Amino acid sequence: MSSTNNEKQMLDLAEKLGMPASDFSATMHLLRLNEIHIVDMLPEMLLMIRSVIAEETFIYKRKPVNTVTKGLLFSFQNIFNHSSNDHTYQYSEKSLQARPHIRVTPLHLESEVVFPKGLTITQITILIEFDFLKSFIGKDQETFRYLFDDEKTFLIEEFMSPEMADLVTEIAGTPVSGILSEAYYKLRALELLYLLFKNLSKRQYVQYQSLRGDEIAALYRVRDAISFSLDDPLTQDELVKISGMNVLKLRKLFKQIFGKGIYEYCQYLRMKEAARLMQEKHLSVSEAGYQLGFTNLSYFGRLFEQHFGMKPKKWSAQHGLKGK
């Protein structure tokens, strides 16, 4: 499909969702649309499958969606780095915006979508209506009742599991058309949602409260500060200062959005980064541990085992990597 047709589909979709195309048509030239596929099954569900590369890093501010009165927006982003530019590599390695993730938002929430320069973003966005989603969840919907409280403004972000990342790549890489294509995309979308809800069910219970825009922005500042300081973790006092909140509020709202406490979240990122350093940068176990600020490699090994189910040397051996 030509880039002109891809752009037209994007702009037509924006208009359909109640977002004037003029809001972002001026920045469309910054995106190279490799592929876009829209499956309209409204009023129950709408899928947008797209693969894009940003010529320059930019942020698009998404307005509230009014096509469906009550519903949710699920955005699955699988991200790959094909750039040799050092700055881009630094951005992609450290920024959580440039790592596979899922974001869940109510349709009435304004949100920001970041397109980092030089990164291929394969994204599947699912717009789904409340009643259809409740029917899909069935008797377990009480577990996720916080998702259906449209009087509260919330946002949830979850790490994408390898299983979900593979499914996103498969769906995006094998376009289906013709007879039963709608059934195919509905089933695969529900499969993605099943995997996500399975992960969400493992979150510890918190009392969800409505969030203001400035609170969401503050929590993302804290999250990004943690991400950029994995080798020398920030103190609680430093994070409180960044957030502008008191410590109790910060802890509660951070866990509400990201599903983990601040310390647990930081250690999870450090272990994910250690695995990446060993797998992509070919560092040994000790080199990865020291680079992330661990002076006690025994402690590093115990943390790694807690997150990956095996000691780092065994994990390295299974992946054919250096294990020293």
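Helices here are DSSP runs of H or I with at least four residues, strands are runs of E with at least two, and both are numbered from the N terminus. With that settled, I can go through the chain. Please keep in mind that this is a predicted model.

First, the overall picture. The chain contains 12 helices and eight strands. It has 324 residues, and 51% of them are buried. About 16,000 Å² of the chain is exposed, and carbon and sulfur atoms account for 52% of that area. If we take the contacts between residues at least 6 apart in sequence, 73% of them join residues at least 24 apart.

Now the strands, beginning with β3. In general, side chains in a regular strand alternate between the two faces of the sheet. Strand β3 covers residues 58-62, and its side chains do alternate. Phe58, Tyr60 and Arg62 point to one face and are buried. Ile59 and Lys61 point to the other face and are not buried. The partner of β3 is strand β6, residues 111-115; the two run antiparallel and are joined by five bridges. Within that pairing, Tyr60 has Val113 in β6 as its bridge partner.

Compare that with strand β8, residues 156-159. Are its faces covered or open? Both are covered. Ile156 and Glu158 lie on one side, Glu157 and Phe159 on the other, and all of these residues are buried. Strand β5, residues 101-106, is antiparallel to β8, with four bridges between them. Opposite Glu158 of β8 stands Ile102.

One residue in strand β7 deserves a stop. Gln123 is part of this strand, which spans residues 119-129. Its relative accessibility is 4%, so Gln123 counts as buried. Which side chains does the side chain of Gln123 meet in polar contacts? One is the side chain of Arg50, at 2.5 Å. Another is the side chain of Ser75, at 2.9 Å. Leaving aside residues up to four places away in sequence, Gln123 touches Met48, Ile49, Arg50, Ser75, Phe76 and Gln77.

Next, the helices, with α8 as the reference. As a general point, a packed pair of helices is described by the angle between the axes and the distance between them. Helix α7 covers residues 236-243 and helix α8 covers residues 247-258; their axes come within 10 Å and cross at roughly 85°. That angle makes α7 roughly perpendicular to α8, because 65 to 115 degrees is the range that counts as such. On the α7 side, the residues that meet α8 are Gln236, Leu239, Val240 and Ser243. On the α8 side they are Val247, Leu250 and Arg251.

Helix α6, residues 213-227, also packs with α8: the axes come within 10 Å and cross at roughly 85°. So α6 and α8 are roughly perpendicular to each other too. From α6, the contact involves Glu215, Leu219, Tyr220, Val222, Arg223 and Ile226. From α8, it involves Lys249, Leu250, Leu253, Phe254, Ile257 and Phe258. Leu250 therefore appears in the contact with α7 and in the contact with α6.

Staying in α8, there is Gln256. Why is Gln256 called buried? Because its relative accessible area is 1%, and the cut-off for buried is under 20%. Not counting residues up to four places away in sequence, Gln256 touches Phe154, Leu155, Ile156, Arg203, Val206, Gln207, Tyr208, Gln209 and Leu211. Ile156 is one of the buried residues of β8 described earlier.

Last, some points about the backbone in loops. The peptide bond from Leu42 to Pro43 is cis, and its omega is near 15°. Pro43 sits in the loop between β1, residues 31-41, and β2, residues 45-54.

Then there is Leu180, which is not a glycine but has a positive phi of about 65°. Leu180 is in the loop between α4 (162-173) and α5 (181-200). Its relative accessibility is 64%, so Leu180 counts as exposed.

His282 is not a glycine either, and its phi is positive, at about 60°. Where is His282? His282 lies in the loop between α9 (262-280) and α10 (285-291). With a relative accessibility of 52%, His282 counts as exposed, since the limit for that is over 50%.

Key:
Residues numbered from 1 in each chain as written. Predicted model: local features only at pLDDT ≥ 70, side-chain atom pairs only at ≥ 80, totals over all residues. Heavy atoms only, no water. Buried < 20%, exposed > 50% of the residue type's maximum accessible area, 1.4 Å probe, protein only. Pairing = 2+ DSSP bridges. Contact = heavy atoms within 4.5 Å. Areas by Shrake-Rupley, 256 points an atom, 1.4 Å probe, with all protein chains shown as cover. Polar contact = N/O pair within 3.5 Å; in protein donor to acceptor, adjacent residues only side chain to side chain. Axes fitted to C-alpha atoms, helices over the stretch in contact; angles between N-to-C directions. Parallel < 35°, antiparallel > 145°, perpendicular 65-115°, else oblique.
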